[in-house]
Each structure stands twice: as C-alpha cells, then as structure tokens.
Amino acid sequence: MTSISRRDLLRAGMAGGVAGLTVGAPAFSAGGTRPILTHGVQSGDATADSAVVWSRADRPGRLWVQTSRRPDFRGSRVLRGPVVTPATDFAGKVRLRGLPAGERIFYRVRVESLERPGLFGAPVSGELTTAPDRRRDIRFLWTGDVAGQGWGIDPAFGGMRIFESMRLRQPDFLLHSGDTVYADGPLTETVALPDGRVWRNVLTDAKLKVAETLDEFRGQYAYNLLDEHYRRFAAEVPQINQWDDHEVTNNWYPGEILADARYTEKRVDVLAARARQAYLEWLPLGDTAAPIHRRIPYGPLLDVFVLDMRTLKDPNDGNTYADPSRGLLGRRQREWLIDGLRRSRATWKVIAADLPLGLVVPDGTTAQEGVAQGDPGAPKGRELEFAEVLRAAHRHRVSNIVFLTADVHYTAAHHYDPARAAVQDFTPFWEFVSGPAHAGAFGPNALDGTFGPEAVFVNAPPVANTSPALGFQHFGEVEIDGGSGELTVHLRDRDGVALWSRTLRPER
C-alpha cells in the first residue's frame, strides 16, 4: 500500500503520466491496449483524515487515485499508488491522507500500463465519508455472512439485493462482522426450493470446491464482487471488516487438523495463512502487517473496537476449563481492549465481536465454537476472558458499551444485567445481532445465563437454512444523534424495513 503527502503530491504532479488522470485529458497513447480495473473500487477504515481505497487491475500496472470534495472533481488531487503484480493478484490499495473531517469525498481510480507509460484504462469512481472531528449525526450499518450454505448469486431472485437496501440508507460506513466469504461453501448450479421453484447460482471455478490454494481463496472475494448490488454498495460506502471462521473453514482454530474428506490440505494453519493473505489483498483494510484487531475512532461520539476472535482462538472443546490463559482473544488483545475502553473519551464504545457473547454456538455434539457453553453459573472457559473485560470496564466506570455481532444467521436484541447474572461486577449493556446478509438463515440459538442476558427481540426463520428467496436476511442500523448523543438501533430486514428499534440514552 502506498500513501503520498501533499508535498509529495506536488512532486508527483510533475511526473509523466499523471496528466492522464485529469478531466478531459487523453486516456491513452497511440497504439497499445488499455489496462482495465476488473472488480470496481472499495474503501475502508475511514478516519477523520484518512481512508484506504482499493481496486484490482487485469495485468501489472500502476494505480492512480484522483480525489475531490466535489463530484465534478474540480480542485482535485492525484495520488500515485502502488504497482500491482501477480504477487498480490493485481490488487492494490492507496492510503488517502490529509482528508477533511466529516465530509463526502469523491474518488476515481485508473490503472496505468507499465509497458506504455501514459496509457491509462477507463476510470472507476467511488465515494466515501470521513469520520467527524466534532459532534454530528452518525449512521452506520452492520451485518455479516455473505454467499453461504449454497446460496450464491441468482439474478432471477434479485442477486444480493440486501446491499442495495443498505446503500439506500446512505450510511457513513458498514461494519462487516465476519464471514465476508464462504471459502468452505461450494456452490452447485441449481438448488430446489421447497415451493418448487429453482435457485440458479452464478458459478465460477473458485466456487466449485472448498478453497485450499491461495488463488481459490482469492476467488471467494472476486465472486462476491460479481454482484451488481454488492459492487455498487462497495463503491459508495466505506467498510470496517473483521474476519470469522468461513474466511478459512467452518469453526476453525489454530493448530486444527481437519478430518473433512473434501480437503487434501488438512492443516488449518496452512489454509489460514493463505486465507489471510487473500483477505488482506481483496478487502480495503489498512496496514496489512498490523493485527486484525484495531480501534477505529469516529469522532467524539463513537469508538469502534474491532476484535479478532480467530487468530489466537483456543481449541473447541467443552469450554468449561478454569485456565485464564486460554480463550479467544489472547492476553495482549484482552489487555488492549481493556486499556482502550478505559482511555476512550467517546460517548459510545462499540465492541465489534464476530462471535456473540451470550448465545451458545455448538461445534458438533460435545464441543463449543463460541464464548458461551450453556452453563448459567459462574464464568468458565472463554467466558473468563469477557468476565475480565467487563469487570475491568466496570471498575474504571466505563459506560455506554454496546456489542455488535453476526455469525448466527438471524437478528436479535439482548440486554445483559448483573441483576439476572451469575456475576454482578459489570455494568449493564446491550448486544445486538444481525445477519445473514446473503446466506442460509438459521436460529434461534439458546442463551447462556452467566452474564444475565434477556432476549428482548428475536427474528429467526421457521426452518434451518432458509433460502434468501424466502427472506430472513437482515442488517442492523445504528444512528447516533449529534446533539443528544442518543444511540438508536434498528434491526432491519432485506428490504430495509425496521423490525424492531430501541433508543439508548448515554450515561454521563
């Protein structure tokens, strides 16, 4: 990833080829074939003064990004990006810096031929919103679980139309809560629906088998971007991405050896390394050398703490151990989260968890995939980590914590209260569940009583693996009022209809 300062920009403006990006300038030289961008544009991890822009070319070339505060690109800046090569599957990113806070930024990307400098492909345009540096209204969405359980893109059923409903909400950003792809979920050409209709998947080679090679993992992300709704949404709404299990394989953990006959490579660590590379190449994430867990500051009203509940995950067993050194987060991430919550001056602290806190998520008949295990007593197993986090936040008088998650393929609202819990040393909080975005619908899951959850709202399908054709696809919306600081959550269906809403008043 390449960034360029304002001073560097002036120098770059003198370099050959930059003029090819300005409005009205020639897009190509005499002779030669233009390079093209193959999968649109995306942006992500937007802060008050920076954002990441992503695109992919069809061949080696150099990316260039033009940015402006105006849709006509008057007064624009031109940034030189990286040379993209087969080493990154021709994908590349540019970190935009020095952006104005709390504004809509217009950008367009082109790729320049390496063989014929000055030969540019056609531009692809996008938009993004930067984080505010003062109190103002904020609207963002969250969901997860895309193209899972055999349900791919079927244009006759509207494709991934939930992304169009989300785009029309005009959010500041999307929090993608994991299962960004289903690398372990091959697609078949057709699926018979219960009512006699037939679901017909768009197919690519990468979606015909479980992903094992690096190219097969890359193909999972390329597949999602074939959908027009997904691609249009990605071009207009910046993302905050985290990963869960299906980016690699179902319910995976480090050190696991697969017994799944579909895999010739049984070592999950090998698969995870390839999957992580594809994830970092194909999504608009920031520093690829940095941990996946990170804090995204979003002005005085919001901090987003993005967790990584996979990289250091302990083996799935009964999850009733008493060893505090085990867990999902690891000691360093746990301490990072506690310290970040304590230091945060934002009104609301959103913890983006790719696994729910209180829902029991089994892995087979005896093992547990998630935090909870169904024992309503004192914290055990992975619950010990979150008991420590909640206890520390309570001790430091951290208020206004909200958990957002997906993973279980239905939508719900859970309120946690020590008055109902086996432990009392934490401050009451909410956990909101959404999804799937475009996958089989399931649920509901059982609640574990350790932290005193109450299911205030649940919307789940009547049968497991309900098709997207029958609904039960969901996204959540969070609105924070810039004046009062009140946070309102809407749990919405595929068409954007609010199924349930609740306004939370901030504690001072």
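Strands here are DSSP runs of E with at least two residues, numbered from the N terminus. Keep in mind that this is a predicted model.

**Exercise 1.** Place Arg56 in the fold, and decide whether Arg56 is buried or exposed.

*Solution.*
- Start with the secondary structure: Arg56 sits in strand S3, which covers residues 50–57.
- Next, check the accessibility. Buried means under 20% relative accessible area. Arg56 comes in at 12%, so Arg56 counts as buried.
- Now look for a polar partner: the Arg56 side chain gets to the backbone oxygen of Asp89 at 2.7 Å.
- Finally, list the surroundings. Beyond neighbours within four places in sequence, Arg56 touches, among others, Ile36, His39, Asp89, Phe90 and Trp282.

**Exercise 2.** Work out how helices H3 and H5 are oriented to each other.

*Solution.*
- Grab the geometry: H3 (residues 214–224) and H5 (residues 268–282) pack at about 40 degrees, and their axes are 8 Å apart.
- Classify the angle. Under 35 degrees would be roughly parallel, and 65 to 115 roughly perpendicular. H3 and H5 are therefore oblique to each other.
- Add the handedness: the H3–H5 crossing is right-handed.
- Then see who meets whom. On the H3 side you'll find Leu214, Phe217, Arg218, Tyr221 and Ala222, and their H5 counterparts include Leu271, Ala278 and Trp282.
- Sorted by class, this contact has 9 nonpolar, 1 polar and 3 charged residues.

**Exercise 3.** Find out which residues Arg218 contacts, sequence neighbours within four places aside.

*Solution.*
- Arg218 belongs to helix H3, and with 7% relative accessible area it is buried.
- Its contacts are Pro86, Ala87, Thr88, Asp89, Gln277, Ala278, Glu281 and Trp282.
- Compare with Exercise 1: Asp89 and Trp282 are on the contact lists of both Arg56 and Arg218.

Terms used: Residues numbered from 1 in each chain as written. Predicted model: local features only at pLDDT ≥ 70, side-chain atom pairs only at ≥ 80, totals over all residues. Heavy atoms only, no water. Axes fitted to C-alpha atoms, helices over the stretch in contact; angles between N-to-C directions. Helix = DSSP H or I, 4+ residues; strand = E, 2+ residues; numbered from the N terminus. Parallel < 35°, antiparallel > 145°, perpendicular 65-115°, else oblique. Left-handed = near helix turned anticlockwise from the far one by under 90°. Contact = heavy atoms within 4.5 Å. Nonpolar A, V, L, I, M, F, W, Y, C, P; charged D, E, K, R; others polar. Buried < 20%, exposed > 50% of the residue type's maximum accessible area, 1.4 Å probe, protein only. Polar contact = N/O pair within 3.5 Å; in protein donor to acceptor, adjacent residues only side chain to side chain.
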